[in-house]
Amino acid sequence: MPPFTAPASALTVLAWRLGALSVADLWWRYTELGGSRPRAALVEYLAGTAAWPTSEHNPLTQALNECLWELGHPSLAPYRELPNARPAASRTEGSAETPQLVQRRRHHVPATAHA
């Protein structure tokens with residue numbers, strides 16, 4: 001199954017404009033956080049003419065939000081959830097369960113056993 005891809009959201013583009021980063025500066029920040037798309041692909045993504053997988057969108061989102069924090073703004077660019085990132089028992093939105101907590105509950109392992 002191919003990874004989920006989608007164009008940049010309006011909030012992602014707004015975060016970029018509010019952060020006032022050049023494409024080059026944003027691209028450097030994005031690659032420092034693990035992004036691997038070329039600069040030309042970033043231009044296409046921000047213009048809405050290309051879709052990116054979640055694995056590339058999220059490092060870009062982090063770079064945008066870090067820029068906003070530096071300017072005293074809250075996070076604006078939304079992250080995407082990676083498919084199968086959470087165990088089945090905790091896939092509800094807003095769940096704070098980690099895979100370790102789910103595993104302990106399934107096997108009734110006390111928390112101190114893994115400490």
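1. **Ala20 and its loop.** Ala20 sits in the loop that links helix 1 and helix 2. Its phi is positive, about 55°, although Ala20 is not a glycine. Is Ala20 buried or exposed? Ala20 is exposed, at a relative accessible area of 65%. Bear in mind that this is a predicted model.

2. **Confidence.** The average pLDDT of the chain is 80. A score of at least 70 is reached by 70% of the residues. Residues 90-115 are another matter: pLDDT stays under 50 there. For that stretch the model has 24 contacts beyond four places in sequence. Where pLDDT is low, the predicted coordinates should not be read in detail.

3. **Layout of the chain.** The chain contains five helices and two strands. Starting at the N terminus, the order of elements is β-α-α-α-β-α-α. The chain has 115 residues, and 32% of them count as buried. Take the contacts with a separation of 6 or more: 50% of them join residues 24 or more positions apart. The exposed surface of the chain comes to about 7200 Å². Carbon and sulfur atoms supply 61% of that surface.

4. **Helix 2, buried side.** Helix 2 spans residues 23-32, and its buried residues are Leu26, Trp27 and Tyr30. They cover an arc of only 100° around the axis, which puts them on the same side of helix 2. The spacing fits a general rule. An α-helix has 3.6 residues a turn, so residues three or four places apart point the same way. Which elements cover the buried residues of helix 2? The cover includes helix 1 (10-19), helix 3 (39-47), strand 2 (51-53) and helix 4 (54-70). After helix 2 comes Gly34, with a positive phi near 105°.

5. **Arg29 on helix 2.** Arg29 also belongs to helix 2. Its relative accessible area is 22%, so Arg29 is partly exposed rather than buried; the limit for buried is under 20%. Leaving out residues up to four places away in sequence, Arg29 touches Leu21, Ala63, Glu66, Cys67 and Glu70. Pro59 is 30 residues from Arg29 in sequence, and the two C-alpha atoms are 8.7 Å apart.

6. **The salt bridge.** How many salt bridges does a search of the whole structure find? The search finds one. Its partners are Arg29 and Glu70, and their closest N and O atoms are 2.9 Å apart. Arg29 lies in helix 2 and Glu70 in helix 4, so the pair ties together parts 41 residues apart in sequence. Side chains of opposite charge can pair when their charged atoms come close. The two partners fall into separate burial classes. Glu70 is exposed, with a relative accessible area of 55%, while Arg29 counts as partly exposed.

7. **Helix 3.** Which residues of helix 3 are buried? They are Ala41, Leu42, Tyr45 and Leu46. Viewed down the axis of helix 3, these residues fall within an arc of 130°, so they line one face of the helix. Ala40 and Ala47, on the other side of helix 3, are exposed. The cover over the buried residues of helix 3 includes strand 1 (5-7), helix 1, helix 2, strand 2 and helix 4. Gly48 comes just after helix 3 and takes a positive phi of about 85°.

8. **Aromatic pairs.** The structure has three aromatic pairs. One of them joins Trp27 and Trp28. Their ring centres are 5.0 Å apart and their planes stand at 70°, so the pair is edge-to-face. Trp27 is buried, at 17% relative accessible area. Trp28 is partly exposed, at 47%.

9. **Aromatic cluster.** Tyr30, Tyr45 and Trp52 form one aromatic cluster. Two members have come up already. Tyr30 is one of the buried residues of helix 2, and Tyr45 is one of the buried residues of helix 3.

10. **What to take away.** Helix 2 carries its buried residues on the same side, and helix 3 lines one face with its own. Arg29 in helix 2 pairs with Glu70 in helix 4. Details in residues 90-115 call for caution, with pLDDT under 50 throughout.

Key:
Residues numbered from 1 in each chain as written. Heavy atoms only, no water. pLDDT = per-residue confidence, 0-100. Contact = heavy atoms within 4.5 Å. Phe/Tyr/Trp six-rings, centres within 6.5 Å; stacked < 30°, edge-to-face > 60°. Buried < 20%, exposed > 50% of the residue type's maximum accessible area, 1.4 Å probe, protein only. Helix = DSSP H or I, 4+ residues; strand = E, 2+ residues; numbered from the N terminus. Arc of directions from axis to C-beta. Areas by Shrake-Rupley, 256 points an atom, 1.4 Å probe, with all protein chains shown as cover. Salt bridge = Lys/Arg side-chain N within 4 Å of Asp/Glu carboxyl O.
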